[in-house]
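Open your viewer and get ready to select residues by number. We will go from stop to stop, with something to find at each one.

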Amino acid sequence: MVDAAAAEQFLDANPDFAKKYYDNTFRPKVISEMLDGNRKTALDVSRYHELTKLEESEIVFDLIRDIQDNLHMEKSVFTLMKYLVFLMRADQMSLFMYRQRNGVAELATRLFNVNKDSTLDDCVVPPDSEIVYPLDMGIVGHVATTKKMVNIPDVTKSEHFSDFVDGLTEYQTKNVLAVPIMNGKDMVAVMMALNKLDAPHFGPKDEEVLNKYLNFGNLVLRVFHLSYLHNCETRKGQVLLWSASKVFEELTDIERQFHKALYTVRAFLNCDRYSVGLLDMTKTKEFFDLWPILMGEAAPYDGPKTPDGREIIFYKVIDYILHGKEDIKVIPGPPPEHWALVSGLPTYVAENGLICNIMNAPEDDVFCFQKEALDDSGWTIKNVLSLPIVNKKEEIVGVATFYNRKDGKPFDEMDETLMEALTQFLGWSVLNPDTYDKMNKLENRRDIFQDMVSYHVKCRKDELQNILNTRERWGKEPDECEEEELQEILSEVLPNTKKCEILEFHFYDFHHTELDLVKCGVKMYYELKVVDKFHIPREALVRFMYSLSKGYRKITYHNWRHGFNVGQTMFTLLMTGDLKRYYTDLECMAMVTAGLCHDLDHRGTNNLYQLKSANPLAKLHGSSIMERHHLEFGKTLLRDDALNIYQNLNRRQHETVIHLMDIAIIATDLALYFKKRTMFQKIVDQSKTYENWNDWTKYMMLETTRKEIVMAMMMTACDLSAIAKPWEIQSKVALAVAAEFWEQGDLERTVLEQQPIPMMDRNKAADLPKLQCGFIDFVCAFVYKEFSRFHVEITPMLDRLLNNRKEWNALKEEHEAKLALLEEAKGKEQPAAAATTKQAREEAQDQQDHRVTKPTISTELTSCSSERS
C-alpha cells in the first residue's frame, strides 16, 4: 500500500509522467467542469486576499463561461469589473459608453458604482438616469480624447478632474485609473476605477492587472459593437429596400407615397411612435391674399421660414403609433397646439434643416414637449429624433420625428444615420410625383389646347375683309397696306360713338349684330386714345377683336355679346364714370382688354361642374378654374404675332398689362368677391375724408394696391352689369342666364346623375323672381351702392338696380300670393285639389310671364336665343 507522501514524492521526481497521467485521466473532465454553465465559481470575493493560481484560473474560466453562455454585454462587463475591483483593491468602477448625438461625441454611464458586493440591477444605469460627459469635460473625457490609459494619484492636482459627479452622488474621488476600450481606431468605451483601498493610489501592478484582464472587456465590447453595427446596417438595408418598393409603387401623390413607405418599414425603425409633418410648398401668395397685408389690415407673416424662404405651414401630420395597438392618425390642417407641433421642434428643423437628437425630452430647456400622457395607455415622450425630408432641389418638403427608442436608450449616431438615409431617400423620391404631376399637366394642357384649336379659329383673311375691305378698296391684302390706308378705311366703317351709345350705362347690344360689336370694340380703343400712343397695328387690332368674337362659344348667355358688354361697361366706368382719372392710358387699355377677354371659351358651366365632371381644366387649375382658363386663352391669342396688340410695348409696359389682366380676369370669380369688398369699402370711406378731389386723385394714382382693388371691384360690377340695365333689358337677360343655368342642371341630372341645386333646376323655374331678389340683395346691391358713393357719375346703375329689385319683388309677391290661394283652396276642396292646383299654377305662371316679358318663358327664350344666334 503506497501512502500519499510516497505518491507525492514519486510525482515530484517524475514530472513528465505526472503531466501525461493528468492529461490522460483528469484534464478533459476538469475543463468540462470549468466550462459548465451551471457551475458556480469557487472564488470567495467577500474579503480581500492574495489569489492563488487556481483562484485566478477560476476568474478566467468564469469570464469565459459568461461569453460562452450568452453574450450579454452589460452582464459580462459587470462580472469583469467586479473581479477587477477585487484584484486592484479599488473602491468602485464605472463604464462610460462612447456615442454621438447631433454630430457631437459624448460619454454616457452604462455601468456605475460597481464594487465587489454589487448586483447587476443596481449598477446598470437606466436611460433616463444617465450621466453624460462631453469629451472636453472630466478625466473620462480626457481619456476618450487622448485614447490612452491615465493613472492619477491625486485628482486635486489634475487639471482634467471635474467634481460634477461627486456633487451628485456625495462621493469623494481621491485617485483614478482609467483606460479606453477601442475597436481598431474607433472609440467604444472608457472604464474607470476609483480610490485605491490598500494604498495611497493605483500603481504599476494595478495597471498591469487592468491591461491583462481588459482583453476580456475589449472582446466583449468589440463583439457587442460589431453586432450592433451589423444590426443597424441590416435594418438600414431593409428600410431602404422596402421603402423603395413602395415608393416606386406609388407615383401619383407625395402623401400616399410617404405613407406607404413609412408604414411598410415601421418594424425596422426601432421606436414607439413617429410622425411626419408635410409642409406647404407654396412660395408666393396670391394677390388677393397679399392685399390685406398691403392695405395694413393684416400683419405680415413674421414667423419662421424654410431655408428657401417659404412660410412654415404644416398642412398635414401623419401619426404612426407602434406601441400597444398599432394605429395611424391623419390630421389635415393641424393646429399649432397639436402635440406633434407644440414643442416647436418640427418648426425648428424645417427652419434650419438640422437633425435634432434630444434625450430626456421632458426636461429639455429649448423645446417644450408635452409632459403628460398622450393617450389612455399612459405613453409619454422620453427621447426624440427629428430630421428634415429634403428633395432633389434642396427644398424641405416635410419633417419626420421619431419618439422613444424601444430599448429605452436615447437615439444614437447609428439611429441618426439610419433615419437620415430613410428621409433622404424619401426626399429624393419626391422627384417621381413631381415629374408625374408635370407630365400630367402637360397632357392636360395638350388636351385643352387641342380642344381650343378644334373649336376656335383665329380671324381668317376673308373675315378680315368684312371690316378692312382692302381688296375692294386698294386691291391688296391688309398686310400689304400702309397704316394710313388702313386708318382711312376704319374712319369710314367704325360706328359713331354717340349713335352706338358705347359711352352709356344703358347700352343695349340686341340691336347690333356681332360684327357691329366687333367694330364697337375697335372704336373703344380709339376713344381711349391708345392706338397711336402705343403704336397698335390696325390690322392686329381688328384681327384681335374679330378673334375674340370667335373665341366665345355659341352658348345661351356667356357668349360674345356678354363678353363685349363687360368690356363696354369697363370702358363706360372709366370714361363716363370718371374712374379713368386714377389710371394711366396703358392701364385703361389693359382693363378694357381684360373685360373683353374675361369669359373666352366659356362652356356654359361653372367651376363646380368642372370639378364634378373631372374636366381637364379642373386638373390643370386648382382654383378659379374657368377664370384661369379664360386668362390663358386670352394670353394665347396675344402671343400670336398677328393678334398681338401689345407687340410694340416695351418689356416693362408688357409686364404691366399682363399683370393687370391676370388680376382683373381672376377677380371675376365670385368666390373672391367677398374677400375684396371690405377693402374696397374702406377705400371709398377714405375718399370721403378728402375735401379736394384733385388731392385724392393724386394720392390714388400712386397707390398701386388700392388701384388694383378698385379695378377688381370694377370687373365684378362689369360682370354683373346686366342686373343694372333698364327693366326691359334686364328681364330678357335674366331669362337667358336662367336658361344657361338650367342647361347645366340638365347635364348634372343626366351626365353626373346628381340632383341640381334649385337655381339650376328648370323644374323650379317659377322661383326665378325670388332667386333674383336674393341675388340682388346678397351680391349686387353692395357693389353699385359703393360705386355710386365713390363716384356719383355711376348712380344710374344703382337706380336701375333698385328699380329692377322692385319689379322682381312684385313678381315674387304675386307668385307667393297665388301659392297661398292654392294652399287655401286645397284645404277646403280636397277632392278637386288636383285639378284646381293645376289650373291655378297655370294662371300664376301666365300672369308672371306676362309681367316679365309679355310672351311666355319658352317663347321668350326661343326669341332670345334666335336673336343671339
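Here is a short tour of a predicted model, one selection at a time.

**Stop 1: a loop residue with an unusual turn**

Begin by selecting Arg89. You will find Arg89 in the loop between helix 5 (73-88) and strand 1 (90-101). Is Arg89 buried or exposed? Its relative accessible area is 11%, so Arg89 counts as buried, the cut-off being under 20%.

Now look at the backbone. Most residues other than glycine have a negative phi. Arg89 is not a glycine, yet its phi is positive, at about 55°.

Add Phe86 to your selection and show the side chains. The charged end of Arg89 sits over the ring of Phe86, 5.4 Å from the ring centre.

**Stop 2: along strand 1 into strand 2**

Select strand 1 together with strand 2 (residues 104-114). The two run antiparallel and are joined by 8 bridges. To see one pairing, pick Arg99: its bridge partner in strand 2 is Glu106.

Next, zoom in on the hairpin that these strands make, where 2 residues lie between the strands. Asn102 in this hairpin has a positive phi near 55°.

Add strand 3 (residues 132-134), which pairs with strand 2 in the antiparallel sense over 3 bridges. Here Leu107 stands opposite Tyr133 of strand 3.

Before moving on, switch on a surface. How many of the 11 residues of strand 2 are buried? The count is 9, so strand 2 is largely enclosed by the rest of the structure.

**Stop 3: an open sheet**

Now colour strands 7 to 12. These 6 strands form an open sheet in the order 9-8-7-12-11-10, and their pairing is antiparallel. Which strands stand at the edges? They are strand 9 and strand 10 (356-358); each has a single partner strand, so one side of each is left without a neighbour in the sheet. Turn the sheet to look along it: from one strand to the next, the twist averages 15°.

While the sheet is on screen, remember a general point about strands. In a regular strand the side chains alternate between the two faces of the sheet.

Start at one end with strand 8 (residues 314-321) and strand 9 (residues 327-332), which run antiparallel and are joined by 6 bridges. Select Asp319 and you will see Lys329 of strand 9 opposite. The hairpin of strand 8 and strand 9 has 5 residues between the strands, and among them you can look for Gly324, with a positive phi near 65°.

Then move to strand 11 (residues 384-390) and strand 12 (residues 396-405), an antiparallel pair with 7 bridges. Val390 has Ile396 of strand 12 as its bridge partner.

One more selection belongs here: Asn270, in the loop between helix 10 (254-264) and strand 7 (271-279). Asn270 is not a glycine, but its phi is positive, at about 60°.

**Stop 4: aromatic rings**

A pair of aromatic rings is described by the distance of the centres and the angle of the planes. The count for this model is 24 aromatic pairs. Select Phe287 and Phe288: their ring centres are 5.2 Å apart and their planes stand at 75°, so this pair is edge-to-face, the cut-off being over 60 degrees.

Add Trp291. Its ring and that of Phe287 have centres 4.9 Å apart and planes at 65°, so they too make an edge-to-face pair. Phe287 and Trp291 are 4 residues apart in helix 11 (residues 287-294), which means that about one helical turn separates them.

How buried are these residues? Relative accessible area is 14% for Phe287, 10% for Phe288 and 1% for Trp291, and each is buried.

For a bigger selection, choose Tyr582, Phe680, Tyr690, Trp696, Tyr699, Phe787 and Phe790, which ring pairs link into a cluster. Then select Arg677 and Phe782: the charged end of Arg677 sits over the ring of Phe782, 4.9 Å from the ring centre.

**Stop 5: two packed helices**

Finish with helix 19 (residues 514-527) and helix 21 (residues 560-575). Their axes are 11 Å apart and the helices pack at an angle of about 25°, which makes helix 19 roughly parallel to helix 21. The crossing of these helices is left-handed.

Terms used. Residues numbered from 1 in each chain as written. Predicted model: local features only at pLDDT ≥ 70, side-chain atom pairs only at ≥ 80, totals over all residues. Heavy atoms only, no water. Phe/Tyr/Trp six-rings, centres within 6.5 Å; stacked < 30°, edge-to-face > 60°. Buried < 20%, exposed > 50% of the residue type's maximum accessible area, 1.4 Å probe, protein only. Lys NZ or Arg CZ within 6 Å of the ring centre and 35° of its normal. Pairing = 2+ DSSP bridges. Axes fitted to C-alpha atoms, helices over the stretch in contact; angles between N-to-C directions. Parallel < 35°, antiparallel > 145°, perpendicular 65-115°, else oblique. Left-handed = near helix turned anticlockwise from the far one by under 90°.
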